[in-house]
Amino acid sequence: ADALVTRQSGVACMIMTADCLPIILSNADGSEVACIHAGWRGLLNGIIENTINAMQTPATHSWLGAAIGACHFEVGVEVYDAFMQQNPQAIVAFKPQANEKYLADLYLLAKIRLTQCQVQHISGGESCTYQQSSQFYSYRRHASTGRMAAFVMIQPN
């Protein structure tokens, strides 16, 4: 699954990523949480919006985990065009390259969508799985199978 939501304490939600963006959501009092795997396809297809809509209470807090950074995430014109057709505001998350490709900022793409969904507190989003080789696994750097896990859990009373 690309997203999990729970209101049950003591139950951990977990997703795995390689260079995609893990997103943790919470409502205002922490009684409902969600964990999202957000690659460019998921972001384009509304994984954030669908997860927030699946929550019974409004998501007010989000944390963006380690993902490939904007300096290393190269995509083709078809990805750029798909985002522009859907939401022209996303243009700020793409930097054209000489090779007719684009550098895409997953963090910024997610922040735009989270803001549009009225998520008030957005934190994280400063790491790069590709560049920070001593801290994070990156499929694009290693080209071998591996994953990192992101967890969220409501603390039992």
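M14 sits in strand β2, which covers residues 12-17; helices (H or I, at least four residues) and strands (E, at least two) are DSSP runs, numbered from the N terminus. This is a predicted model, in which local features need pLDDT of at least 70 and side-chain atom pairs count only at pLDDT 80 or more, while totals for chains, interfaces and linings use all residues. Residues are numbered from 1 along each chain as its sequence is written, and side-chain values use heavy atoms, with hydrogens and water left out. M14 is partly exposed, at a relative accessible area of 32%; on this scale buried means under 20% relative accessible area, exposed over 50%, and partly exposed in between (1.4 Å probe, protein chains only). Together with M16 and F151, M14 makes a nonpolar surface patch of about 300 Å². Patches are made of residues with over 30% relative accessible area and no salt bridge, with like charges joined within 9 Å and nonpolar side chains (Val, Leu, Ile, Met, Phe, Trp, Tyr) within 5 Å.

Now for the chain as a whole. The protein chain has 5 helices and 10 strands, and 48% of its 157 residues count as buried. Its accessible surface comes to about 8,200 Å², and 50% of that belongs to carbon and sulfur atoms; accessible areas come from the Shrake-Rupley method with a 1.4 Å probe, and for residues only the protein chains shown count as cover. Among contacts (heavy atoms within 4.5 Å) between residues at least 6 apart in sequence, 68% join residues at least 24 apart. As for pLDDT, the predictor's confidence in each residue, from 0 to 100, the chain has a mean of 90, and 89% of its residues reach 70 or more. Among the elements, α2 has the highest mean pLDDT, at 98, and helix α5 (residues 139-142) has the lowest, at 62.

On to the inside. A nonpolar core is a set of buried Ala, Val, Leu, Ile, Met, Phe, Trp, Tyr and Cys residues joined through side-chain atoms within 4.5 Å. The largest such core holds 34 residues, and L21, I23, L25, L43, I48, F83 and F94 touch the most other members. Elements giving two or more residues to this core include β3 (21-27), β4 (33-38), α1 (40-44), α2 (47-54) and α3 (77-86). The most comes from α4, with 5 residues. Apart from this core lies another, of 8 residues, with I24, V33, A150 and V152 among them. Back in the largest core, I48 is in contact with I23, I36, L43, A110, R113 and L114, leaving aside its neighbours within four places in sequence.

One of those partners, R113, belongs to helix α4 and is buried, with a relative accessible area of 7%. With neighbours within four places in sequence again left aside, R113 is in contact with L43, L44, G46, I48, E49, F83 and Q86. The side chains of R113 and E49 meet in a salt bridge (2.8 Å, N to O). R113 lies in helix α4 and E49 in helix α2, so this pair ties together parts that are 64 residues apart in sequence. A salt bridge here is a side-chain nitrogen of Lys or Arg within 4 Å of a carboxyl oxygen of Asp or Glu.

A search of the whole structure finds 2 salt bridges. R7 and E32 form one of them, with their closest N and O atoms 3.5 Å apart. Because R7 lies in the loop between β1 (3-6) and β2 and E32 in the loop between β3 and β4, the pair ties together parts that are 25 residues apart in sequence. R7 is partly exposed, at 41% relative accessibility, whereas E32 is buried, at 1%. Q56 is in contact with both R7 and E32, leaving aside its neighbours within four places in sequence. Q56 itself is placed in the loop between α2 and β5 and is exposed, with a relative accessible area of 64%. Q56 and V5 are 51 residues apart in sequence, and their C-alpha atoms are 9.4 Å apart in space.

Two loop residues have a backbone feature to mention. E100, found in the loop between β7 (94-96) and β8, has a positive phi of about 65° although it is not a glycine. E100 counts as exposed, at 68% relative accessibility. Q118, in the loop between α4 and β9 (121-124), is not a glycine and has a positive phi of about 70°. Q118 is exposed, with a relative accessible area of 58%.
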